[in-house]
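Thanks for coming, everyone. I have one structure to walk through today. Please look at the screen.

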Amino acid sequence: ARASEEKYRLISQVSSDYTFATEVHKDGSANLSWVAGAFEKMTGYSFEEYVKSGSWLAHVHPDDLEKDAQDMEKLYKNQNIKSEIRTFTKNGEIRWEQIFAHPVWDKKENRLIGIFGAVQDITVQKGIEATLAYERDLLQIFMDNIPDFVYFKDEESRFVRINKAQGHFLGVHDPQDAIGKTDLDFQNPELARGFMVEEKHIMETGQPVLNRIESNPTDSGEPRWLLATKVPVKDKLGRVIGIIGISRDVTEQRESQE
C-alpha cells in the first residue's frame, strides 16, 4: 500500500493533466467524486476546497458556460466529448483546458450515472496560437493593402498564397482561386515557362533576383513592364521550399524614361 501511494504521489508530481470521476444522480445533479494527477497544480485547490467552492461549474469562464452545457447534453445522450473550456484557478488566473469525457451509462435505467475523464492544461498552446493568429492577421492586412503584387510559390512554382493586387493582375476575383495553380494557367505559355525555369534555378542555387525590370505584355499585347524581385524561402533546416515574389507595375515610369 505504501509503495502504491508513493507511485501515485510521484505520478501526480510529474503529470501535466489530471483525471476525474463524477457521479450523476437521477435528479440530474452531479458531484465530483474523485481526482488524480496534477489536479492541485492546475486548479490551486485541494479536492475538498474545490468541492466546497462549487466544483466545476463554479470555475468555468462565464463565456464558456453555454459550451459546457452543450457538452453535458452530449454526455446525457451517451456521447463522448472532447472540448476546450476556460476555467479560473484559485488565484483567479484564467486557464485553457482541454476536456476528454466519457459517459458511464446504466443500461437498465437507461441513463447517465457517471462521467470519467481527463483534463489537460493547454494555456501555453492557446497563447502560441493567439500569437500566430495575430501575426497572420498582420500579414493579411499588409498583403491586402500593399499595391505591389505579392505571391508565395512552392517547389513546383504553384501559388500557395497571393494578395489582392496579384489576384487582380492574374485576373481572378478571389485570390484563393489561384492557389495550386501556376503562371501557365494565367499567362502567355512561353512567358510562363520562362518564369518557371527561372524560379527553379533560384530554388536550386539559392540566388535571388532583385529589382529586375522585365517585360510582361498585357493579354491584348500592349507593353507592360514590371519591377520584379524573387527570393528563395527556406525552412528551419535551411532547405529551399519555395519562393516569395514581389512585383510592381512600372510601365508609366519606363515609358516616361524612354
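Q98 is buried, because its relative accessible area is 13%, and the cut-off for buried is under 20%. Keep in mind that this is a predicted model. Q98 is found in strand β4. What does Q98 touch, once neighbours within four places in sequence are set aside? The contacts are K82, S83, E84, A118, V119, Q120 and I122.

Now the strand next door, β3. Strand β3 covers residues 81-88, and β4 covers residues 94-106. The two pair in the antiparallel sense, over 8 bridges. Within that pairing, S83 stands opposite I99 of β4. The hairpin of β3 and β4 has 5 residues between the strands. Look at G92 there: G92 takes a positive phi near 90°.

β3 also has two faces. I81, S83, I85 and T87 make up the covered face. K82, E84, R86 and F88 make up the uncovered one.

Step back to the sheet. Strands of a sheet pair through backbone hydrogen bonds, either parallel or antiparallel. Here we have an open sheet of 5 strands, with antiparallel pairing, in the order β2-β1-β5-β4-β3. Which strands are at the edges? They are β2 and β3, and each pairs on one side only. On average, neighbouring strands of this sheet are turned by 30° against each other, ignoring direction.

Further along the sheet, β1 and β5 pair in the antiparallel sense over 7 bridges. A21 has F116 in β5 as its bridge partner.

Two helices pack on this sheet. α4 touches β1, β3, β4 and β5. The direction of α4 makes about 145° with that of β3. Helix α5, residues 123-145, touches β3, β4 and β5. The direction of α5 makes about 125° with that of β4. Hold on to α5, we will meet that helix again.

Next, pockets. Rolling a probe the size of a water molecule over the atoms shows where empty space is left. How much volume does the largest pocket have? The figure is about 590 Å³. The lining has 27 residues, and T22, W56, L57, D68 and M72 are the closest to the centre of the pocket.

Which element gives the most to this lining? That is α4, with 7 residues. At least two lining residues each come from β1 (17-24), β2 (30-37), α3 (47-52), α4 (65-76), β3, β4 and β5 (111-121). So much for position; now chemistry. The lining of the largest pocket divides into 19 nonpolar, 6 polar and 2 charged residues.

The second largest pocket holds about 220 Å³ of space. Its lining includes F169, L170, G171, F186, Q187 and N188. L191, N216, P217, T218, D219 and R224 also line this second pocket. By class, the second lining has 5 nonpolar, 5 polar and 2 charged residues.

Now to another sheet. This one is also open, with 5 strands in the order β7-β6-β10-β9-β8 and antiparallel pairing. Why is one side of β7 and of β8 left without a neighbour in the sheet? β7 and β8 (209-215) stand at the edges and each has a single partner strand, so one side stays free of a neighbour. Neighbouring strands of this sheet are turned by 25° against each other on average, direction ignored.

Strand β6 covers residues 149-154, and pairs with β7 in the antiparallel sense over 3 bridges. In that pair, F152 has R161 in β7 as its bridge partner. And here is α5 again: the helix lies across β6 and β7, running at about 75° to β7.

Last stop, R161. R161 is found in strand β7, residues 159-162. Buried or exposed, or in between? R161 is partly exposed, because its relative accessible area is 24%, and partly exposed runs between 20% and 50%. R161 touches R136, L139, Q140, M143, V150, Y151, F152 and I179, not counting residues up to four places away in sequence. For a sense of distance, take R161 and Y45. The two are 116 residues apart in sequence, and 48 Å apart in space, C-alpha to C-alpha.

That is the tour. Over to you for discussion.

Methods. Residues are numbered from 1 along each chain as its sequence is written. This is a predicted model: local features need pLDDT of at least 70, side-chain atom pairs count only at pLDDT 80 or more; totals for chains, interfaces and linings use all residues. Side-chain values use heavy atoms; hydrogens and water are left out. Buried means under 20% relative accessible area, exposed over 50%, partly exposed in between (1.4 Å probe, protein chains only). Helices (H or I, at least four residues) and strands (E, at least two) are DSSP runs, numbered from the N terminus. Two strands pair if DSSP finds at least two bridges between them. On a 1 Å grid over the protein atoms alone, a cavity is a set of points where a 1.4 Å probe fits but cannot get out, and a pocket is an open set with protein on both sides within 12 Å along at least five of seven lines; lining residues have an atom within 4 Å of a point. Grid points are joined across faces, edges and corners, and a volume is the space filled by probe spheres set on the points. Ala, Val, Leu, Ile, Met, Phe, Trp, Tyr, Cys and Pro count as nonpolar, Asp, Glu, Lys and Arg as charged, and the others, Gly among them, as polar. Contact means heavy atoms within 4.5 Å. Axes are lines fitted to C-alpha atoms, for helices over the stretch in contact, and angles run from 0 to 180 degrees between N-to-C directions.
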